[in-house]
Each structure stands twice: as structure tokens, then as C-alpha cells.
Amino acid sequence: MTGMNPTRAAVRTIPDRLESPARRALKSWETLLLAVALAIFIANSLASPYFLDPWNLSDATFNFTEKAMIAFAMALLIIAGEIDLSVASTIALASTAMGAAAQLGVGTPGLVAIGLAVGLACGAFNGALVTGLGLPSIVVTIGTMSLYRGISYIVLGDQAYRGYPADFAWFGQGYAFWVISAEFVLFALFALLFGILLHATNFGRAVYAIGNNATAAAFSGIRVGRVKFILFLLTGLMSGVAAVCLTSRLGSTRPSIAMGWELEVVTMVVLGGVSILGGAGSIPGVVIAAFVMGLVTFGLGLLNVPGIVMSIVIGALLIAVIALPRLWRKWRG
Amino acid sequence: MKRRQVMALAAGLGLAASLMGTTAMAQDKTRIALVVKALGIGFFEAAAKGAEEAAAELGDVEIIYTGPTDTTAEGQIEVINSLIAQGVDAIAISANDPDALVPALKKAMDRGITVISWDSGVAPEGRQMHLNPSSNELIGRMIIKLAADNLPDQTGEVAVLSASATATNQNIWIEEMKKAMPDYPNIKLLGVVYGDDLADKSYREAMGLIQSYPELDAIIAPTSVGIVAAAQAVTDAGKIGQINVTGLGLPSEMAGHVKSGASKSFAIWNPIDLGYSATMIAYHLARGEAEAQPGAEIPIGRMGKVTLDETNAAAMAEPFVYDASNIDQFKDIF
């Protein structure tokens, strides 16, 4: 036992990951979702003769593009361990501001700027309360959810703003080329931008780090408060973008605009594989989830299935997609 | 990988074949979509019954009865998009918002679909004609009259429990009611509250009225959800005989409250007739047998005919009063 020579010991390699990237991708959440989306697409094509038509599919994208744009920002926020339930009310407030400006004769560029600015301001207010005062985001944004929409109701009551400039309709009713709507182009563009931001930048790594352990992230030199504040700003900004699109699509503003959308946005994010507890998730997942929700509602709509059945299907889908991987793991021990 | 591609291709081809087989069929019937504010509301279920009656009478009509889960414009737009996709012949809609639906309905008209609104209207540029169940003026006068006639010397304090603050028709009726109020100088209107056509919220708002105004003599609820909730609230608060609930309601839902005395009388047109007439009009317009233009007369089967005014709107009939004497006769119908 004269001891072993340390230099002669077998080199122990610690693998970065236990599986090859291909295997990992195959077993990932996104693959499962993609399979679900394809299955729904094929089922829809078989169930209704009207489904596989470029114009009809283009119309169908309007069911989810606006919500999905908010969902991208919301995904980052939820990954960082926070949430914003005031997004739909932010749309109402931004839309009301745009409507008021339109009455004063502000042109399309001005209206867009106002919509985005109000969205940013709402996000900044949420962010300041959460990061500045250290309040829980769920409480803050439940409060601002009532606050923002409340302001809209005070301004508009039972009235509506109409009379938007004719070229303002482009955002929600226009087409970039052929059947590709302006909204869909925006949706794709923001999917790309948020994908890069989350998956290919230091900022994105910081978001994951904060979601997994905010204290450790702070000790690693990440300015946690600042990152979170930026995420609230982004979520507000995207609500502003959605407000521009939706207002343009409806051609009018009422305080009840986008009522209940916050839950649909959160559903989309969770269905996309983002952990509601933070720390995990991806933008491709959210993109596929947006398509899944859009395809399900449009496909069932073509069959004239009552809306309440659609809600049940979406709810069941959410629970199934979340429960199945857990059951699978349990079953395999 | 090769095999998978081949299979995908085969599946795609099979799909295409099945598509060609199915698109050609089902076009010989006139397909009329009856779009309502939300599914699961008694009034609209009754209208759907009327639409089916009209379809049976006409013979070559298929009725698609549909609507969103919540009373939102966004939900109705999704429904309209799916109807455009199906290429229906006509859409007859009761709108959740007169303006927000205009772009979607314009698109439907651009693609050759006949669009009419009924019950709750759409702005003129978003439809070819609008069928009012009655005239708004008559309804406004009727609801205040019902409240006043049941008060001693037509004297007392009343409050209104409405649907949502953005509901088109309720707002117009309340406006018309206010115009008729000078005829009842001793009736005082305390205020308007909104129950959003949700049973629980309407109930809470009605309770709020009862508690905030001890002198309240009558609650006017021009909505079938609100009137039931208000009558229940009056019953639960032990105010039967003190506060009379009236307005617009469904006989089946109000029968118990008329018998208990919580509501002495209320009014409604017949939603069966309304769904029937809307279907008749949509059919004649879609088949090109009638033109939607000011002054035009459109036949509506057993209901006679309607005449369009200068905004292409028409009134079907007058609201009808239900009380203890006739409630049993109607409660099983709708």
C-alpha cells in the first residue's frame, strides 16, 4: 500500500449532461407540446372541411397573437419568480388613452407611442412597487388590475371611443403580405426577440438565476431588483403593443376591452412549460402553447362547439399536459 | 427518418382526399347562424327555439346556434371568424358591443355573408338591418309604468338594476325610461347599479340597494338575470310587499316570484317570436328575396311583416305584461 500515484489515476470526466442533446430534445416539454399541436392540427383537418384554408388559418391566428405577445414577456417574469396579473387592465388603460388622444386628432404614430408609453408606465408602476417596496407581485398586480381598469371605467363609463384614423386599422386588420397578417408578423418578431433575450444573453441567464435562487443570484453579482424592474417594464410594454393591436382590430375602445385575458396569458405561459414556481421554461415552448390554444379554440369553433365546452377542453388540456410528465416519472420510479 | 417522411406524406394525401370529398357537400341548405351574447341564457335558448321553428317552416334551412361563454365582444369576434371560415349564408347576431364587432362583421359581408343584428344591435355599417324586439321608447315607458302602477298614487322611490355598464340595449331603455319620467312626477329615481348579467353580482347589487335605501319602493331590472336576482334579494331581505321588483324577465324564471308577491308584474316580448322573425329576415335577405333598404317591407311568416326605417332598423312587436293572471300559461313556454 505505498499509495497510488495521483498522476496515474484514471481521469474522471464529469459529463455536462447525462444524455446526448438529441435525446434530451426528444424528451423535452417542447417536443411533447409540438406533438400535441400536430395532433390537434390533424384532428382539426379531419373534423372540419373548412380548416385547411389559408385565409381561415390566418383568421385563426388572431385568436392568440395578441395574448401570445404578452405571454412572451410574462414567461420571463414568471421564470424570474414574479407574475403580473394587471396585463389585461393595462390594455384597457392604454386603449382608453389612445382613444382619448384619437378624439383630439392625434395621428397613428402618436397613438402607437401613447399606447406603448401607457403600457410602459403601468409596468414601471408595478415594478416600482414590487422591487422598490419589496411587495409580493401577485398582491401588487391584483391591486393594479382593479386600479388600471377602474381608471378606464371612470373615464369612459358606458361610453365608447370610436373614430380612430383609417390607417390605424393596419395593426389589427392589415396584412403584411398575402395571408400573413401584420399582427402575425409582430408575433413572430417578438417571439424571436424574446427568444434571443432569454436564451442567448447574460440578461436571460440572470432571469433563470433569479428564478432558481434570488439570494444566490444577488450574491453572484446579479442586480436582482434591476432585472425584475426591467421585466415588469417589458411586460407593460408588451401589454401596450397588445393594446395597439387589439384596439386597431376592434376599431373602438370600451372599458371592458380584453376582460379576463390575464388568466389566458398565464395559461398560455404555463402550458408552454414555464414553471409557475420560477426558474424553468422556454420561449419556444410558449410559442407552441400559443398555437395549441389557438388551434383548439378555432378547431372547436369550426365545429360550433359551445364556448363552455372549449373552456373545459383548454382546462383539461392544461391539467393533462402538466400532469402527464409527472405521472410518467412516478410510474417509471 | 425516411419511413416517417413517407408516412407523413401519405397522411397528408389522405387528408387532401378527404377534404375534397367533404367541401362539396352541405351547400344546398341555407345555413343561418344565430349568434347570441352568451350561451346558457334562457332568453337566447328560447330565441333558438323560434329559429328552429322558422327553419322547420322554411324547410331548406340549417340553424347554427352559437355564441361565446362570457358576454364579451372578443369572444363573439372569435365566433364570427369561425362562421366566416365555414362560409355560412347568414349571420343573425345579438351584439355584446355595437362598435367592436363592426370590423369582423364587415369582413363577413365582404365575403358575401348576409349580416343582420337582432335584440342588441350593431352600428349600421356593420350589418344590413337590425330587428328590434319592440321599440325602445315603448319598453322604456313600459318599465316605469309597471313600477308606477303598482305604487299607491303612483308615488315612491325606485332604483334600477341593469346588466353591464356597456350593454347596448339596457342603456337605451334606461334612457327612454328617464324620458318618460316627467309623466310620473311623484316617482323618484335613486340611481342605477350594474349586475353585469351575473346572478351573484346582480344579487349583491340588489342587496346593496335594499340596504342603502330604506325608503326604496321598487327595483326596476330591465334584464332577465337581474330581475330574478333582485326578486330573490327582496325575498331574502324579508321585504316582500314593501319593495316590488319589476322590469323585463322570463316567465319560467319569474313564476315563483310572481306567486310569492316579490314581483307583481313584469314585461317581455316573446323571444321565440324574435328568434323566429330574425331567422325569417335572414333567410329572405340571404336568398335575395328581399332588399335591406329604408322603407323596405320584409315578410316574417306568422308574425306578419316588418318595415325598415331610415337606419334599416325595424321593430317586431310591443312588450307584453305578465302577472299572476297569466304567468302559469307562459311559464312552461320560455
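Here is a chat about a predicted model with chains A and B.

Colleague: What should I know about the model and its numbering before we start?
Modeller: It's predicted, so local features need pLDDT of at least 70 and side-chain atom pairs count only at pLDDT 80 or more, while totals for chains, interfaces and linings use all residues. Chains are lettered from A and ligands numbered from 1 in the order in which they are written, and residues are numbered from 1 along each chain as its sequence is written.

Colleague: Which element gives the largest share of the side of chain B that touches chain A?
Modeller: Contact means C-beta atoms, placed from the backbone, within 7 Å. On that footing, 34 residues of chain B meet 33 of chain A. Elements are DSSP runs numbered from the N terminus (helices: H or I, at least four residues; strands: E, at least two), and those giving two or more residues to chain B's side are α1 (2-23), β2 (61-66), α3 (73-86) and α4 (102-110). The largest share, ten residues, belongs to α3(B).

Colleague: Which residues of α4(B) are buried?
Modeller: Buried means 20 or more other C-beta atoms within 10 Å of a residue's own, with C-beta atoms placed from the backbone. The cover over α4(B)'s buried residues includes α8 (170-173) and α12 (224-250) of chain A, plus α3, β3 (90-93) and β4 (114-118) of chain B. Those buried residues are B:Val102, B:Pro103, B:Ala104, B:Leu105 and B:Ala108.

Colleague: Which residue of β4(B) stands opposite B:Ile91?
Modeller: Strands pair if DSSP finds at least two bridges between them. β3(B) pairs in the parallel sense over four bridges with β1 (30-35) of chain B, and β3(B) and β4(B) also pair in the parallel sense over four bridges. On the β1 side, B:Ala33 stands opposite B:Ile91; in β4(B), the residue opposite B:Ile91 is B:Val115.

Colleague: Which way do the β3(B) side chains point?
Modeller: In a regular strand the side chains alternate between the two faces of the sheet. In β3(B), all four are buried: B:Ala90 and B:Ala92 point one way, and the other way go B:Ile91 and B:Ile93.

Colleague: Which helix gives the most to the largest nonpolar core?
Modeller: A nonpolar core is a set of buried Ala, Val, Leu, Ile, Met, Phe, Trp, Tyr and Cys residues joined through C-beta atoms within 7 Å. The largest has 205 residues, and A:Val292, B:Ile91 and B:Ala92 have the most contacts inside it. With 14 residues, the helix giving the most is α14 (283-302) of chain A.

Notes: Two residues are in contact if their C-beta atoms, placed from the backbone, lie within 7 Å. A residue is buried if 20 or more other C-beta atoms lie within 10 Å of its own, exposed if 12 or fewer, and partly exposed in between; C-beta atoms are placed from the backbone.
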